[in-house]
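I opened a fresh page for this chain. I wanted to look up which charged side chains pair, what sits in the cores, and how the strands are arranged.

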Amino acid sequence: MDFNMKKLASDAGIFFTRAVQFTEEKFGQAEKTELDAHFESLLARADSTKNWTEKILRQTEVLLQPNPSARVEEFLYEKLDRKVPSRVTNGELLAQYMAEAASELGPTTPYGKTLIKVAEAEKRLGAAERDFIHTASINFLTPLRNFLEGDWKTISKERRLLQNRRLDLDASKARLKKAKAAEAKATCEGDLWNDEVDKAEQELRVAQTEFDRQAEVTRLLLEGISSTHVNHLRCLHEFVESQTTYYAQCYRHMLDLQKQLGSSQGAIFPGTFVGTTEPTSPTLSSTSPTTAAATMPMGPSVADLAPPGEAALRLEEVAPPASGTRKARVLYDYEAADSSELALLADELITVYSLPGMDPDWLIGERGNKKGKVPVTYLELLS
């Protein structure tokens with residue numbers, strides 16, 4: 001091999017000079033050129049952006065794929081530049097088991113028919129989850145990875161180069177200072193030291209020029225972090241949009257399933273509470289609040305519950321229905337948003353009922369002489 005010995009020796013000398021300068025700075029034996037406050041602020045913002053981007057990326061990956069083994073497998077496939085194999089979602093796997101169970105236990109039995117209906121719903125939920133993971137990966141995870149693997153690597157490279165230029169600059173300053181000190185002490189070799197001072201000044205000018213040029217390049221890259229924030233903000237909006245779509249699909253699928261199961265429940269369990277206050281089936285504490293509200297007997301109408309002030313007054317004037325009131329246990333504390341609502345404390349018991357035209361997600365709650373709207377999701381209906 002043909003080695004350039006002069007270049008090799010020069011590189012070794014530069015490396016040694018930087019190492020000496022760095023060591024002396026650490027021990028406080030050499031002066032260090034400080035960057036201006038604005039530049040330091042840009043560096044701090046860039047570091048913070050990188051650190052939080054990594055954390056958000058990792059946690060989003062956990063959200064989309066909770067299985068750590070599966071995440072490692074997908075990571076390896078990506079690094080090997082191979083296509084990640086299609087993976088069955090948990091919902092689709094559950095749907096498969098339910099369908100097989102229905103086939104073996106009897107698809108015409110009430111249990112088998114219900115298993116089939118639930119399996120179809122779980123299959124749709126699994127497909128919605130698959131679409132959400134795919135969309136979130138493209139619109140959110142990919143831009144974050146591109147920043148960490150592209151822009152940030154470029155910034156890190158230029159920062160390291162700036163650090164080297166800064167060490168060269170400070171080493172040149174130290175050499176010039178020593179040359180001037182030696183020149184002041186010299187008596188008979190003045191011309192020799194004058195040459196050394198001139199040489200050190202020339203090296204300092206070159207080092208200062210290279211440092212200033214590299215500082216400007218690095219500063220421009222660091223200021224580009226603002227554009228990165230704008231891009232990540234757009235990606236975050238797209239992630240929220242895809243997540244909203246996913247949960248809306250899940251909610252719609254479960255409502256459809258709930259209606260299917262509710263329509264067949266009366267035929268299977270004739271005594272189930274549907275408009276009667278004396279259910280012969282087991283307690284409805286396990287029934288969803290939305291279903292309980294939908295089957296609650298209707299009482300007198302209260303029109304226009306929207307205006308808070310008027311609604312609170314008119315609710316007090318409305319008597320509960322003659323039949324259909326229920327006892328409910330409060331699951332969580334709830335702070336009333338306005339005077340038309342009733343504040344709740346966890347584990348307390350209240351009386352609830354529904355009125356015609358009300359939002360199915362709300363009931364009328366009574367505690368002593370206090371009355372107001374309460375969200376059904378905060379309640380467990382008892383009897």
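**Entry 1: a salt bridge within one helix**

I started with E238. Is E238 buried or exposed, or in between? With 28% relative accessibility, E238 counts as partly exposed. I noted at once that this is a predicted model, so every value here is computed from predicted atoms.

Next I looked for the partner of E238. The side chain of E238 forms a salt bridge with that of R234, at 3.1 Å from N to O. R234 is also partly exposed, with a relative accessible area of 43%. Why are the two about one helical turn apart? They sit four residues apart in helix α7 (residues 225-268), so about one helical turn separates them. I added a general reminder: side chains of opposite charge can pair when their charged atoms come close.

**Entry 2: a salt bridge across the chain**

I moved on to R329 and D347. Their side chains meet in a salt bridge of 2.9 Å, N to O. This pair links distant parts of the chain, 18 residues apart. R329 belongs to strand β1 (residues 326-330). D347 lies in the loop between β1 and β2 (349-353).

I then checked accessibility. R329 is partly exposed at 27%. D347 is exposed, because its 54% lies over the 50% limit.

**Entry 3: a buried pair and a network**

What holds for E366 and K371, buried or exposed? E366 is buried at 18% relative accessibility. K371 is buried too, with 12%. Both values are under 20%, so both residues pass the limit for buried. Their side chains form a salt bridge at 3.6 Å, N to O.

I also found a network. Salt bridges with shared partners join E216, R219 and E223. The count of salt bridges comes to 14.

**Entry 4: the nonpolar cores**

I turned to the nonpolar side chains. Which residues touch the most other members of the largest nonpolar core? They are F132, F140 and L222, in a core of 33 residues. The elements that give two or more residues to this core are α2 (37-64), α5 (110-185), α6 (190-223) and α7. The largest share comes from α5, with 15 residues.

I picked L222 for a closer look. I left aside its neighbours within four places in sequence. L222 is then in contact with F39, L42, L43, R45, A46 and I155.

There is a second, separate core of 12 residues. Among its members are L342, L344, I350 and V374.

**Entry 5: a threonine in α2**

I looked up T60, which lies in helix α2. T60 is buried, at 7% relative accessibility. Where does its side chain reach? The side chain of T60 comes to 2.6 Å from the backbone oxygen of I56. Not counting residues up to four places away in sequence, T60 touches F140, L141 and F239. I recognised F140 from the largest core, where it is one of the residues touching the most other members.

**Entry 6: the sheet**

I ended with the strands. In what order do the five strands stand? The order is β4-β3-β2-β1-β5, in an open sheet with antiparallel pairing. Why is one side of β4 and of β5 left without a neighbour in the sheet? β4 and β5 (379-381) stand at the edges with a single partner strand each, so one side of each has no neighbour there. On average, neighbouring strands are turned by 40° against each other, direction ignored.

I went through the pairs one at a time.

- β3 (residues 362-367) and β4 (residues 370-375) are antiparallel and joined by six bridges. L363 stands opposite V374 in β4. V374 also appeared in the second core.
- β3 and β4 form a hairpin with two residues between them. G368 in the turn has a positive phi of about 65°.
- β2 and β3 are antiparallel and joined by three bridges. V352 has G365 in β3 as its bridge partner.
- β1 and β5 are antiparallel and joined by three bridges. R329 stands opposite E380 in β5.

R329 therefore closes my notes in two roles: it faces E380 across the strands and forms a salt bridge with D347, by the rule of N to O within 4 Å.

Technical notes:
Residues numbered from 1 in each chain as written. Predicted model: local features only at pLDDT ≥ 70, side-chain atom pairs only at ≥ 80, totals over all residues. Heavy atoms only, no water. Buried < 20%, exposed > 50% of the residue type's maximum accessible area, 1.4 Å probe, protein only. Core = buried A, V, L, I, M, F, W, Y, C linked by side-chain atoms within 4.5 Å. Contact = heavy atoms within 4.5 Å. Pairing = 2+ DSSP bridges. Polar contact = N/O pair within 3.5 Å; in protein donor to acceptor, adjacent residues only side chain to side chain. Axes fitted to C-alpha atoms, helices over the stretch in contact; angles between N-to-C directions.
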